[in-house]
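Dear colleague,

I am handing over the structure below, and I would be glad if you could look through it before reading on. My notes on what was found follow directly after it.

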Amino acid sequence: MPITATEKIWMNGELVPWEDAQIHLLTHTLHYGTGVFEGIRAYETADGPGIFRLTDHIERMHNSAKIMMMELPYSVAELVEATKETVAATGLDSCYIRPIAYYGYGEMGLNTIPCEVDVAIACWPWGAYLGDDAVEKGVRMKISSWTRHEHNTMPPASKTTGNYVNSSLAKVEALKAGYDEAIMLNPDGTVSECTGENIFVVRNDKIITPPSHAGALEGITQDSVMTIARDLEYEVVVGELARSDLYIADEIFVCGTAAEVSAVNSVDDRDVPCPGPKTRAIAEEYHKAIRGKLDRYKDWVEHAR
Ligand SMILES: Cc1ncc(COP(=O)(O)O)c(C=O)c1O
């Protein structure tokens, strides 16, 4: 998806013009995939841009860094403020936000201990990741031939840049084969998640999503969806799913900051009813919640200005 330039990018404490946000070829993280990042969205609300669960995202970024033994030079509160400042500086009502911490120029080699940590925050307008009609039409899924990395190989709980090589391999494989997105199985053969979304399966009236030990990221949208689903009085279970559970599901949807809530219409060419009633009801609530339209979820929206 092409990037649209905006006014400013926050780099190490300063807002700099978009075109000046440059890094050196010998930036450590470019070579070894050792950065940590977040994907956040701001939506237009009646009170200006509202950043969805900003503090939760920045806390997860701190946890990603902790797993990588990377010391972030800014606290959660400082990065929350910096993100608000960056969004306000673009003047956009809604945008995608990408904070990233990386080992910059100055050291080479796999030892990250002597490396300095740089932090940047960029934001730009970004449409629906899996298409504008992803709830109504649904997306075609392929089980990837690539296995989701497990906890002792690459820690999936950390949004580390290098982890996304696994996701990119799966995404490109799925697209080249004519599908929209890939579902990843873990080394035990159970369902983990998608390349950048968590997955929910409805079977026998229960809504099931795999746990983090299955290799899934603890998604902030996943958590929001579980709250919304329970508030709608649906039964939600965190549990293991086998590949064939997907083929005979009553409904499937995937969710993430970029993809929001997107229905699934088939898995490996087995049709899945789409969009099912639970998917539709949850997607509708989620779309109101992110825009600050539901009082019970007002705390999820943090205003940029
Ligand atoms: C691998 C992976 N799983 C799930 C998600 C969904 O997480 P969230 O809802 O916090 O955006 C993401 C997006 O960050 C992701 O990259």
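**What was found**

Of the 305 residues of the protein, 54% count as buried (under 20% relative accessible area, with a 1.4 Å probe and protein chains only). This is a predicted model, in which local features need pLDDT of at least 70 and side-chain atom pairs count only at pLDDT 80 or more, while totals for chains, interfaces and linings use all residues. Residues are numbered from 1 along each chain as its sequence is written, and side-chain values use heavy atoms, with hydrogens and water left out.

The protein has seven helices and 17 strands (DSSP runs, H or I of at least four residues for helices and E of at least two for strands, numbered from the N terminus). Its C-alpha atoms fill a box of roughly 55 × 45 × 30 Å along the principal axes.

Helix α7 covers residues 277–289, and its 13 residues should span 18 Å at 1.5 Å a residue (1.5 Å times one less than the number of residues), which agrees with the 18 Å between its end C-alpha atoms. Its buried residues are Lys278, Thr279, Ile282, Ala283, Glu285, Tyr286 and Ala289. Seen down the axis of α7, these fall within an arc of 165 degrees (of the directions from the helix axis to the C-beta atoms), so they line one face of the helix.

Thr257 lies in the loop between β14 (251–256) and β15 (260–267), and Thr257 is buried, with a relative accessible area of 16%. Leaving aside neighbours within four places in sequence, Thr257 is in contact (heavy atoms within 4.5 Å) with residues including Gly39, His57 and Thr221.

With best regards

Methods:
Buried < 20%, exposed > 50% of the residue type's maximum accessible area, 1.4 Å probe, protein only.
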